[in-house]
Amino acid sequence: MLFSILFIAILCFLALFAPYISPNDPFVQRLDKQFLSPCREYPLGTDEFGRCIFFQE
């Protein structure tokens, strides 16, 4: 019971603060930032279109 409540609370927290947790739009193409290595702005780097890999669906 406690695990279920904690799980739901974590999901609600993530849903409320999603814009702050993942500030990069995964659909915006930034051709000047292709194939970047992992950094603070892009935790897993970027793909061939400059999209953030970490926040892609």
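This is a short conversation about how some residues in a predicted model come by their labels.

Trainee: Let's start with Thr 46. Why is Thr 46 called buried?

Mentor: Its relative accessible area is 4%. Buried means under 20%, so Thr 46 earns the label. You will find Thr 46 in the segment after helix H2 (18–21).

Trainee: What makes the approach of the Thr 46 side chain to the backbone nitrogen of Phe 35 a polar contact?

Mentor: The side chain of Thr 46 reaches that nitrogen at 3.2 Å. The cut-off for a pair of N or O atoms is within 3.5 Å, so the distance fits. A polar atom of the Thr 46 side chain also lies 2.8 Å from the backbone nitrogen of Leu 36.

Trainee: Which residues is Thr 46 in contact with, leaving aside its neighbours within four places in sequence?

Mentor: Lys 33, Gln 34, Phe 35, Leu 36, Arg 51, Cys 52 and Ile 53.

Trainee: Phe 35 has come up already. Why is Phe 35 called exposed?

Mentor: Phe 35, in the segment after H2, has a relative accessible area of 59%. Exposed means over 50%, so the word applies to Phe 35.

Trainee: And what is notable about the phi of Phe 35?

Mentor: Phi of Phe 35 is near 50 degrees, a positive value in a residue that is not glycine. Most residues other than glycine have a negative phi.

Trainee: Now the rings. How many aromatic pairs does the structure hold?

Mentor: Three. One of them is formed by Phe 3 and Phe 7, with 6.4 Å centre to centre and 20 degrees between the planes.

Trainee: Why is the pair of Phe 3 and Phe 7 called stacked?

Mentor: The centres at 6.4 Å meet the limit of within 6.5 Å. Planes under 30 degrees apart count as stacked, and 20 degrees satisfies that, so the name follows. Both residues lie in helix H1 (residues 2–16), four residues apart, about one turn of the helix.

Trainee: How do you know that Phe 3 is exposed but Phe 7 partly exposed?

Mentor: Phe 3 has a relative accessible area of 65%, which is over 50%. Phe 7 has 46%, which falls between 20% and 50%, so Phe 7 is partly exposed.

Trainee: What makes the pair of Phe 13 and Phe 17 tilted?

Mentor: Their planes are 45 degrees apart, with the centres at 4.9 Å. That angle is neither under 30 nor over 60 degrees, so the pair counts as tilted. Phe 13, Phe 17 and Tyr 20 form one aromatic cluster.

How values were computed: Residues numbered from 1 in each chain as written. Predicted model: local features only at pLDDT ≥ 70, side-chain atom pairs only at ≥ 80, totals over all residues. Heavy atoms only, no water. Helix = DSSP H or I, 4+ residues; strand = E, 2+ residues; numbered from the N terminus. Buried < 20%, exposed > 50% of the residue type's maximum accessible area, 1.4 Å probe, protein only. Polar contact = N/O pair within 3.5 Å; in protein donor to acceptor, adjacent residues only side chain to side chain. Contact = heavy atoms within 4.5 Å. Phe/Tyr/Trp six-rings, centres within 6.5 Å; stacked < 30°, edge-to-face > 60°.
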